[in-house]
Each structure stands twice: as structure tokens, then as C-alpha cells.
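This report walks through a model of two chains. It takes each chain in turn, then the contact between them.

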Amino acid sequence: MSEFAVEALNIVRTFKDNEVRALDDVTLHVPAREVFGLLGPNGSGKTTMIRILSTILSPTSGSATVNGFDVVKHPDEVRRSIGLAGQYATVDENLTGFENLRMIGSLNHLEKKFVVNRSRELLEQFGLTDAANRIAKTYSGGMRRRLDLAAALVANPPLLFLDEPTTGLDPQSRQDLWAIIETLVEGGTSVLLTTQYLEEADRLCKQLVVLDHGKIIAEGTSQELKTRLGNTVLSLSFANTADASHGAALLDGISSKPANVDGTVVEFTVERGPSAAADALRRIDAAGITLTGLTLREPSLDDVFLNLTGHKAEDAPSGAIDDAPKSRRARKARS
Amino acid sequence: MSLTTSHTPLPIQAQKSSLRWAVSDVLTMARRNLLALVRIPSSLVFALIQPVMFVLLFRYVFSGVIKVPGGQYVNFLIPGILVQTTIFGAVGTAIGLAEDLQRGLIERFRALPMARMAVLAGRTVSDLARNVLVLVIITVVGLGVGFRPHGSIVAYLQACLLALLFAYCLSWGFAFIGLAAPNSETAQAMTFPLIFPITFASSIFVPVATMPGWLRGFATYQPVSETAKAVRGLMLGTPHGDSTWIALIWAAGAILILAPLAISRYRRAA
């Protein structure tokens with residue numbers, strides 16, 4: 001048997017008579033008992049991959065095994081060995097928390113007594129005991145996500161698929177969910193999670209792949225990717241575009257990567273933020289140019305994409321919710 | 001392979017044959033739908049008020065101008081309304097499934113090791129249960145407004161079963177619509193042009209004799225009219241020819257065509 005929780009080989013999935021290639025030759029090896037990340041913007045194919053691996057969708061070509069079972073030939077065995085939780089928190093709003101878990105347990109064909117005990121136990125672990133007999137419609141966003149995750153855990157599956165588990169959550173709920181995921185992995189569960197947040201991938205995932213337009217554009221450990229990127233983004237704002245291009249030229253060599261000039265803003269990915277910032281200030285000051293702003297921030301998914309593909313992460317229809325936490329982090333300067 | 005090293009106890013798979021599992025899955029789904037009905041009483045109240053409004057409308061507003069051969073209009077009307085409301089009730093199948101699809105619940109069910117047809121069968125069964133309640137209400141309201149069925153109680157129950165069976169078979173067609181519609185509002189809108197002609201261009205509310213010739217042919221022989229004729233005959237104890245058998249054949253034909261359609265749509269729906 002394979003030591004991988006998921007082995008996907010050359011998966012291709014097209015939609016609308018081959019017009020849209022949602023996945024284009026994706027190969028994944030997800031090791032057991034750790035968190036593996038699929039990182040990418042909306043529309044990059046993350047969710048399509050999860051849907052194929054959870055037997056909801058069949059691949060156009062390629063093959064995949066989940067816990068050793070082929071997703072096309074033995075879907076029922078796959079379904080018995082996985083849990084699925086998603087960004088849409090698919091709990092039944094009209095049922096109570098307890099009823100939701102009981103329903104999933106019974107549809108997993110588990111023994112009644114086991115389901116009742118397991119449901120109580122999960123509600124308690126996820127801090128939902130007080131809300132157990134309230135209908136899920138009254139739950140907050142964070143509570144729904146926790147219930148959704150609890151539902152995925154009722155059958156105690158060895159492998160969890162988490163599709164953007166924290167998208168749209170407030171920072172506290174996000175932290176709570178991260179802690180739960182870490183506990184699960186300590187207990188031996190394997191997790192394949194998709195995310196748009198580099199910070200999340202960095203915190204949880206041992207290994208990850210970056211998807212763009214259905215293709216893998218980078219893979220490795222989070223540290224490897226960060227090293228390729230530089231650890232910090234140095235962002236400088238100038239009064240006008242002429243100053244900005246002059247400034248970019250002055251700062252040549254401050255980073256091993258070329259500057260990214262966007263209007264009056266010039267950005268570099270650098271290894272050591274503070275010393276690079278000091279160096280930049282000296283050079284700009286010596287040239288007599290006025291800066292209107294300087295920030296140091298962690299690289300975002302956009303920076304990853306810019307570095308890997310030369311274009312920004314596209315397609316973010318749900319950007320209104322998604323960008324809020326990202327921009328909050330962006331403003332937080334590093335020391 | 002030893003992936004299951006979780007600290008929690010391993011789940012116990014209960015032992016049953018796959019057929020018994022399928023039945024258990026259908027009941028789990030039906031129970032879930034009925035719980036939702038209890039949780040949102042407004043939808044249930046609306047489902048019950050609408051047929052009562054129809055009874056009152058036709059009994060007191062239109063009855064003066066509708067002439068039925070050899071009898072009182074109220075006795076003609078109530079069996080017809082009974083057939084109409086069960087068909088309207090079956091529309092709920094389309095709306096319920098479209099909602100589940102929209103909310104991503106169907107997606108979750110598709111990733112569970114449950115019987116594939118249980119989502120659809122659970123929905124049609126719970127809508128059938130709701131229709132039973134509607135029938136009871138209509139019977140009570142009907143008796144209140146002067147409905148006097150002269151057939152036997154057994155025949156009355158047979159008539160109710162026939163109406164329920166006919167609506168149940170049709171509900172598989174509404175299941176198909178619910179899975180094909182982009183959202184529940186559209187699903188509801190899509191069913192309207194279907195149920196309107198089959199219930200109103202029929203012998204449900206008025207005798208077909210006064211309809212223009214081109215319409216009369218359709219209205220006389222279409223399945224809803226046959227069902228209404230059989231239900232009316234059974235309830236009133238009047239002769240109704242072969243209409244019971246014809247209605248049963250229509251119902252069987254409908255489910256034989258519509259259920260496979262809906263199930264294949266479910267397998268594809270994503």
C-alpha cells in the first residue's frame with residue numbers, strides 16, 4: 001500500500017466541451033499525517049481538485065487514489081475514508097448542531113449509539129455544546145465552520161479535505177480553526193487543504209503546491225517557497241511616477257529580484273527587511289528624493305504570483321471578504 | 001496502511017444489507033426535510049393556507065356561475081381541489097432540491113457513502129408526507145363548507161391514495177426541474193407554466209363541456225382530468241368508468257420516465 005494519503009497522477013479536468021481547462025496535468029503526492037496545501041487564487045483549480053478527490057466530480061483524464069482507493073473505480077470506499085469541509089460551510093441551517101452531526105453519522109452508516117456519543121464529543125471539543133440544540137441558522141460564521149468541520153469528522157476519517165477552511169472568517173475564528181487542524185494532525189489525521197492565504201499555508205502546511213490556471217507553478221516546503229521569494233516585501237511610495245522610476249533605478253541591487261513598479265509604488269522582496277529599509281533610505285535621501293511612505297510586510301499571495309508568473313493573482317470575485325484580513329496584515333510593519 | 005491512528009475510538013459500522021441501507025438513507029433524508037418543515041412553520045402554514053383559499057374562492061366567489069350537471073358544485077369542487085393541491089404540493093420537491101443544491105448540501109451528500117437515490121427519494125417522500133397533511137386539512141375544510149361525499153369511507157381513502165400516488169409520481173419530474181434550475185426562485189418559476197395548464201385546463205374546477213372544442217379534447221383526456229374524475233367518482237360514489245385504471249397507468253408511466261431522468265440528472269448535477 002502507498003504511504004501517501006492522496007496520489008493524483010496527471011489529472012486533467014475540462015468543462016464546457018474542452019473550452020475551460022480547470023485542471024491541466026496536475027500531479028500530487030500528499031503524505032499521510034501531515035497538512036498538505038494547495039495554494040492559489042480563485043479560479044486556479046483548487047476546488048476542482050478537491051471535488052475530484054472526494055468523488056464529486058470525475059477527472060477528464062488522469063488517475064487518483066485516496067487512502068489507496070481509486071476515486072473512479074471505488075468511490076464508495078473513498079467516501080468512507082474521507083471527510084469534506086468547505087468554505088461554504090455546508091451545514092443544514094434548519095437542523096440543530098446535534099441533528100446535523102447525527103444526520104451525517106447516519107448517512108455514513110455508523111451505529112446509532114456511536115453516532116450519538118461521537119456527536120456529543122465533537123460538539124464539546126469544538127465549543128458548541130451550549131449551541132447543540134439551537135438550529136444552525138442562528139450560528140455565527142465561525143460556529144458554522146466549526147460545525148461543518150465537526151460533521152466532516154463524525155466518521156473519524158483518516159483524511160480530511162478542507163476547501164478554504166478560513167476564507168471570510170474573522171482573525172479569532174481563524175486562529176481557533178488553525179488550532180483545531182493542528183490538533184487533528186497531531187492525532188494522526190492527514191489533511192489536504194486549499195487556501196488563498198500564504199500566511200495560512202505557512203502556518204499549517206509542511207508541503208504545498210501553488211496552482212495557477214489549473215497548472216502547478218511551484219511546489220516544495222513553505223520554507224523553500226519563502227526562500228525563493230525573499231522573506232519580506234519592502235514597499236516604497238513616492239510623490240510621483242518620475243520619482244518612483246528614478247528611485248527604482250537607485251535601489252538596483254537591493255534585492256536579488258527586479259523591482260516591481262506600480263505607479264508611484266516600488267516594491268522589492270528582500271531577505272533582511274530592516275537593513276534593506278535602512279539602506280534604501282540612505283540611497284534615496286542622498287539623491288534628494290522625498291518618500292511619501294515606507295512599509296515592510298510579509299509577502300502576500302500576490303507577491304508569490306508576481307514572482308512566479310510575472311502577473312498578479314487574478315479572478316477574485318469574492319475579494320470583498322477575502323481581502324479584508326489580507327490588507328490588515330499588509331499594514332502591519334515588521335521590525 | 002495504517003492511516004487511522006486517531007486518539008478517538010474507531011467508528012462502528014452497523015451491519016445491514018445494501019437495500020436496508022438505502023431505505024435507512026431515504027428515511028434519514030425524509031426526516032431531515034420534515035424537521036425543516038417544522039422549524040420553518042411559516043412555509044408549512046403557507047402550504048396549507050393556499051389550498052384553503054382555493055376552496056373558499058371557488059366555493060363562495062365562483063360557484064354561482066359554475067353549473068355542474070345534476071348536483072351541487074361543492075361536491076364537484078372539493079375532490080378536484082384535492083387533486084390540484086397535491087400537485088401544487090409536489091412542486092415543493094423542485095424548490096427543496098434547488099435550495100439544497102444552491103447551499104452546497106447536495107455536494108456534501110455526494111461525498112458521503114450513502115445510497116445515490118436517497119437524496120431524491122427522501123425529498124419526494126417527505127413531500128408526500130406533507131401532502132397527506134394537506135389532504136386532511138382540505139377534507140376538514142371541505143366538510144365545513146358543505147361537502148358531502150356519498151361514497152364509502154374505504155372509497156374515500158382509495159381516492160386520497162390515488163391523488164397522493166399521482167402527485168408522488170409527478171414529483172419526480174419536479175425533482176428533475178429542481179436539479180436543473182440554477183436556484184430555488186427559478187425552480188419555482190419553471191414549474192408554474194407546467195402546473196398551470198395541467199391543473200386549470202382540466203376537469204378539476206369546472207366541467208369540460210363549456211370549454212371551446214380545441215381545449216376540450218385535451219382537458220377531457222389529460223392525466224390530471226382522469227385522476228380528478230376517478231377521485232370524484234370514488235368520493236361521491238358515482239360511476240367513473242375506467243378512469244381509476246387510466247389514472248394509475250398515467251402515474252406508473254410518469255414515474256417510470258421521470259424517476260430515471262431525475263436520477264441521471266442527480267448523478268451529473270454539480
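Chain A contains twelve helices and 14 strands. The model is predicted, and the values below should be read with that in mind. Chain B has a secondary structure of ten helices and zero strands. Read from the N terminus, the elements of chain B run α-α-α-α-α-α-α-α-α-α.

## The two chains in outline

| Property | Chain A | Chain B |
|---|---|---|
| Helices and strands | twelve helices, 14 strands | ten helices, zero strands |
| Span of the C-alpha trace along the principal axes | about 75 × 45 × 35 Å | about 80 × 35 × 35 Å |
| Buried residues | 48% of 335 residues | 42% of 270 residues |
| Share of contacts at a separation of 6 or more that join residues at least 24 apart | 70% | 81% |

## Chain A: strands near the N terminus

Strand E1(A) covers residues 4-15, and strand E2(A) covers residues 20-31. The two run antiparallel and are joined by eight bridges. Within this pairing, A:Glu7 stands opposite A:His29 of E2(A). The hairpin of E1(A) and E2(A) has four residues between the strands. In that hairpin, A:Lys16 takes a positive phi near 50°.

E1(A) has a further partner in strand E4(A), residues 61-66. This pairing is also antiparallel, with five bridges between the strands. Here A:Val12 has A:Ser61 of E4(A) as its bridge partner.

In a regular strand the side chains alternate between the two faces of the sheet.

## Chain A: a buried helix

How many of the eight residues of helix H1(A) are buried? Eight of the eight are, so the helix, residues 46-53, is largely enclosed by the rest of the structure. The buried residues include A:Lys46 and A:Arg51. A:Thr47 and A:Thr48 are buried too, as are A:Met49, A:Ile50, A:Ile52 and A:Leu53. Just after H1(A), A:Thr55 takes a positive phi of about 70°.

## Chain B: helix packing

Two packed helices are described by the angle between their axes and the distance between the axes. Helix H6(B), residues 153-180, appears in both of the pairs described here.

Take H6(B) with helix H3(B), residues 73-102. Their axes come within 8 Å and cross at roughly 30°. Angles under 35 degrees count as roughly parallel, so H3(B) and H6(B) are roughly parallel to each other. The crossing of H3(B) and H6(B) is right-handed. Their contact comprises 20 nonpolar residues, six polar residues and no charged ones.

Now take H6(B) with helix H7(B), residues 184-200. What angle do these axes make where they cross? They cross at roughly 135° and come within 9 Å. H6(B) and H7(B) are therefore oblique to each other. Their crossing is right-handed.

The contact can be followed residue by residue. From H6(B) come B:Phe174, B:Ile177 and B:Gly178. They meet B:Ala187, B:Met190 and B:Thr191 in H7(B). By class, the contact of H6(B) with H7(B) has four nonpolar residues, two polar ones and no charged ones.

An α-helix has 3.6 residues a turn, so residues three or four places apart point the same way.

Another residue of helix H7(B) is B:Leu194. Is B:Leu194 buried or partly exposed? B:Leu194 has 16 other C-beta atoms within 10 Å and is partly exposed. Burial would call for 20 or more such atoms. B:Leu194 and B:Phe174 are 20 residues apart in sequence. In space, their C-alpha atoms are 9.9 Å apart.

## Where the chains meet

The contact between the chains involves 31 residues of chain B and 38 residues of chain A. On the side of chain B that touches chain A, helix H1(B), residues 18-39, and helix H4(B), residues 105-110, each supply at least two residues. Which helix gives the largest share of that side? H1(B) does, with seven residues. By class, this side of chain B has 16 nonpolar, eight polar and seven charged residues.

Notes
Residues numbered from 1 in each chain as written. Chains lettered and ligands numbered in written order. Axes fitted to C-alpha atoms, helices over the stretch in contact; angles between N-to-C directions. Parallel < 35°, antiparallel > 145°, perpendicular 65-115°, else oblique. Left-handed = near helix turned anticlockwise from the far one by under 90°. Contact = placed C-beta atoms within 7 Å. Nonpolar A, V, L, I, M, F, W, Y, C, P; charged D, E, K, R; others polar. Buried ≥ 20, exposed ≤ 12 C-beta atoms within 10 Å, placed from the backbone. Pairing = 2+ DSSP bridges.
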